[in-house]
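Biologist: I would like to learn how to read a model like this one, feature by feature. Could we go through it together?

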Amino acid sequence: NKERNDAMKLEVLNAYGGPARTCCGETLIEGLTIDHIHGGGAEHKRQGLSGLSLYKWLKKNGFPGGFQVLCATCNLAKGLGNHCPHQDLPGWTRGQQ
């Protein structure tokens with residue numbers, strides 16, 4: 001159910017530093033994602049690991065390194081081969097809203 005899924009997502013987000021670790025300070029759970037720091041997301045998706053299945057895998061594997069919390073916008077931009085668009089804003093600092 002939605003409550004159980006949200007609780008799992010929040011547990012995983014918190015294991016990777018929680019919302020305070022995002023580049024832009026996004027705190028809404030719906031706007032946060034887990035990013036593969038060095039790539040590998042496409043391969044995980046081919047293996048059926050995305051969303052809730054990825055969160056379960058991360059927990060089962062003891063929250064391995066190589067992942068971080070990003071807002072959905074930055075995760076998408078990074079996946080397209082770019083960097084976080086928030087870093088281009090004047091006066092940007094990590095976690096800023």
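**Reading the model step by step**

Modeller: Gladly, and we can start with one residue: Cys71 counts as buried, at 4% relative accessibility. Keep in mind as we go that this is a predicted model.

Biologist: What is the mean pLDDT of the protein chain?

Modeller: The chain has a mean pLDDT of 83, and 91% of its residues reach 70 or more. Among the elements, α3 has the highest confidence, at 94, while α2 has the lowest, with a mean of 80.

Biologist: Back to the cysteines, then. How many disulfides does the count come to?

Modeller: The general idea is that a disulfide is a covalent bond between the sulfur atoms of two cysteines. Here the count comes to zero. The cut-off matters for this step: the two sulfur atoms must lie within 2.5 Å. For Cys71, the closest cysteine sulfur is that of Cys74, 3.5 Å away, so the pair is too far apart for a bond. Cys74 is buried too, with a relative accessible area of 1%.

Biologist: Let us turn to the strands. Which way do the residues of β1 point?

Modeller: In a regular strand, side chains alternate between the two faces of the sheet. You can follow that idea along β1: Leu32, Ile34 and His36 point one way, and Thr33 and Asp35 point the other way. Each of these residues is buried. With five of its five residues buried, β1 is therefore largely enclosed by the rest of the structure. Take Leu32, which belongs to strand β1: its relative accessible area is 1%.

Biologist: And is β2 mostly covered or open? How many of its five residues are buried?

Modeller: β2 is mostly covered, with five of its five residues buried. Phe67, Val69 and Cys71 point one way from this strand, whereas Gln68 and Leu70 point the other way.

Biologist: In what sense do β1 and β2 pair?

Modeller: They pair in the antiparallel sense, over five bridges. To see the register, look at individual partners: Ile34 stands opposite Val69 in β2, and the bridge partner of Asp35 is Gln68. The pairing also gives you a way to think about sequence and space. Leu32 and Val69 are 37 residues apart along the chain, yet their C-alpha atoms are separated by 6.8 Å.

Biologist: Can you give me other pairs to set beside that one?

Modeller: Certainly. Ala72, in helix α4, is 23 residues from Leu49 in sequence and 17 Å from it in space, C-alpha to C-alpha. Gly40 sits in the loop between β1 and α2, and Thr27 is 13 residues from Gly40 in sequence and 25 Å away in space, C-alpha to C-alpha. Both Ala72 and Gly40 are partly exposed: Ala72 has a relative accessible area of 36%, and Gly40 has 39%.

Biologist: Now backbone angles. Which residue other than glycine has a positive phi near 55 degrees?

Modeller: As a general guide, most residues other than glycine have a negative phi. Phe63 has a positive value, near 55 degrees. This residue is found in the loop between α3 and β2. Phe63 is partly exposed, with a relative accessible area of 26%.

Biologist: My last topic is empty space. How much space lies in the largest pocket?

Modeller: The idea is to roll a probe the size of a water molecule over the atoms, which shows where empty space is left. In this model the largest pocket holds about 470 Å³. It is lined by 20 residues, and the closest to its centre are Ile34, His36, Gly41, Lys45 and Asn75. The elements that give two or more residues to this lining are β1, α2, α3 and α4.

Biologist: Which of them gives the largest share of the lining, and how does the lining divide by residue type?

Modeller: The largest share, five residues, comes from α4. By type, the lining divides into eight nonpolar, nine polar and three charged residues. If you pick one place to look again, try Ile34: it is buried in β1, stands opposite Val69, and is among the residues closest to the centre of the largest pocket.

Note on methods. Residues numbered from 1 in each chain as written. Heavy atoms only, no water. Buried < 20%, exposed > 50% of the residue type's maximum accessible area, 1.4 Å probe, protein only. 1 Å grid on protein atoms, 1.4 Å probe; cavity = no way out; pocket = protein on both sides within 12 Å on 5 of 7 lines; lining within 4 Å. Points joined across faces, edges and corners; volume = space filled by probe spheres on them. Helix = DSSP H or I, 4+ residues; strand = E, 2+ residues; numbered from the N terminus. Nonpolar A, V, L, I, M, F, W, Y, C, P; charged D, E, K, R; others polar. pLDDT = per-residue confidence, 0-100. Pairing = 2+ DSSP bridges.
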